[in-house]
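Q: Could you take a close look at one helix for me, covering what it packs against and which charged pairs it takes part in? I would enjoy a connected walk through that single part.

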Amino acid sequence: TALRSALGSNSRLNNAAVSMSIDKFIMLVPLGRGMWLPSTLQSELRLPGEEIQQKINTANYNLSVKVCADVIESIIGLIFIKFGFSDAIKVIEGLQVSLETDTKDIAPRNRDYSGSSKIREHAKLFLGRQSFIDESLLVEALTHPSCLHKDVPSYQKLEWVGDAVLCLMVREFIFREYPQHDVGRLNLIEITLVCNESLAYLSVCGGLHSCISHENLSLPHRIRDFYEDISGKEQQSLWGTEPPKALADVVESLLGAAHIDGGYEAGQSAASYVLRPMLTKVQRNLESSSSALAMMHPKQLMYEICGQTLKTRIWKEHEFTSKHPGALVYQGSKFVEPNAHGDGLVCQVTCCGVQLLAVLDSRHHVARNRACALIGAVFKDPLSKMTLDLKRWFARNADVNNTRPRVRQRENN
């Protein structure tokens, strides 16, 4: 990770831009017809007006390090999109921002483990690949870090590689599929596709949960809870779950294994195959704005609608009851009184210090997601039964917390 950060640091990319004189072609003033020329031609051609000439001459030399680095990254991205991975690598090498490698000095992988043949075949089936040159990669990709005594390395390094494989595949897909969206909306689509809940869902649907080699006593119970939560429900219900991170990790580690074993094309093909169910659903749901909002992760949806206006905070149930005596919380499908001695977790949503909603659950992740989803539902459908219930809750808890005047003022506004 440290080496990757060093290779892609802003200072290194800035040095590449300066050494190739790319910085002299970066515009910091609007492009006006008949006003701008590349700096290499400015000495040959004169532009009308000394003020304009001086503005253009000085603009190119006030560039920050990050601006130059961003331009280098955008050039590499352009080459990748237009000409493909191989040409992008050539450009990176030409800019001298990569490391030279000598494959002759790379030691062969010496492994003495093979794992169950059924598990290896199942992993290949999940990736949509018929064969692997080094099938021991599949065993490594399914080995949890809790297996400390085994000779097999855990999946952590392959997961690290797979994260990049997945990110590149998803970003290229949404870049080409949705050219009309800005970067902010593209990021929201990406988060929906690669978040922990989505990858865990694909993992369970593909049967990977039964292939993980681990010695974590709590993992089977958490996998079973997640499986029960998603059984027979639509994809939107994923946001109310708390899947074990290991389920998403093994998806990424297997993609990393495919990339290491077969190269760039193999990794991208496997990522596209694995994510196909989610990609299809995204394409279908993004046809309407309402469906697009419905499939967003609740935290992203609340941020999209409200920005930084709303805040969330997690309380222990007994602490919340002590701090807000008499306040109701939302649990399951109704408002209830929290237990003063309870051991649950409460997610409180506030706006400018005014409490709007509190959701109780045994898991903080689920409580926060459900609270965000409820707030999003209010904004999407102000006349729904949920909105009316929340208004009654506001009135009840305004009295409890001595905030009725402020709440009434906001409702009138």
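**A close look at helix H13**

A: Happily, and let's start with one residue: Asp261 is buried, as its relative accessibility is 11%, where the cut-off for buried is under 20%. Bear in mind that this is a predicted model. The side chain of Asp261 forms a salt bridge with that of Arg129, at 3.6 Å from N to O. This pair ties together distant parts of the chain, 132 residues apart: Asp261 belongs to helix H13, while Arg129 sits in the loop between helix H7 (117–127) and helix H8 (136–141).

Helix H13 also holds a salt bridge between Lys245 and Asp249, whose closest N and O atoms are 2.8 Å apart. These two residues are four residues apart in H13, so about one helical turn separates them. Asp249 is buried too, with a relative accessible area of 7%. Across the whole structure, a search finds 12 salt bridges.

Now for the packing. Helix H13 (residues 245–262) and helix H11 (residues 196–205) have axes that come within 8 Å and cross at roughly 75°. H11 is therefore roughly perpendicular to H13. On the H13 side, the contact is made by Lys245, Leu247, Ala248, Val250, Val251 and Glu252, and on the H11 side by Asn196, Leu199, Ala200, Ser203 and Val204. Sorted by character, the residues of this contact comprise seven nonpolar, two polar and two charged. Lys245 thus appears twice in this picture, in the contact with H11 and in the salt bridge with Asp249.

Methods: Residues are numbered from 1 along each chain as its sequence is written. This is a predicted model: local features need pLDDT of at least 70, side-chain atom pairs count only at pLDDT 80 or more; totals for chains, interfaces and linings use all residues. Side-chain values use heavy atoms; hydrogens and water are left out. Axes are lines fitted to C-alpha atoms, for helices over the stretch in contact, and angles run from 0 to 180 degrees between N-to-C directions. Angles under 35 degrees count as roughly parallel, over 145 as roughly antiparallel, 65 to 115 as roughly perpendicular and the rest as oblique. Contact means heavy atoms within 4.5 Å. Ala, Val, Leu, Ile, Met, Phe, Trp, Tyr, Cys and Pro count as nonpolar, Asp, Glu, Lys and Arg as charged, and the others, Gly among them, as polar. A salt bridge is a side-chain nitrogen of Lys or Arg within 4 Å of a carboxyl oxygen of Asp or Glu. Buried means under 20% relative accessible area, exposed over 50%, partly exposed in between (1.4 Å probe, protein chains only).
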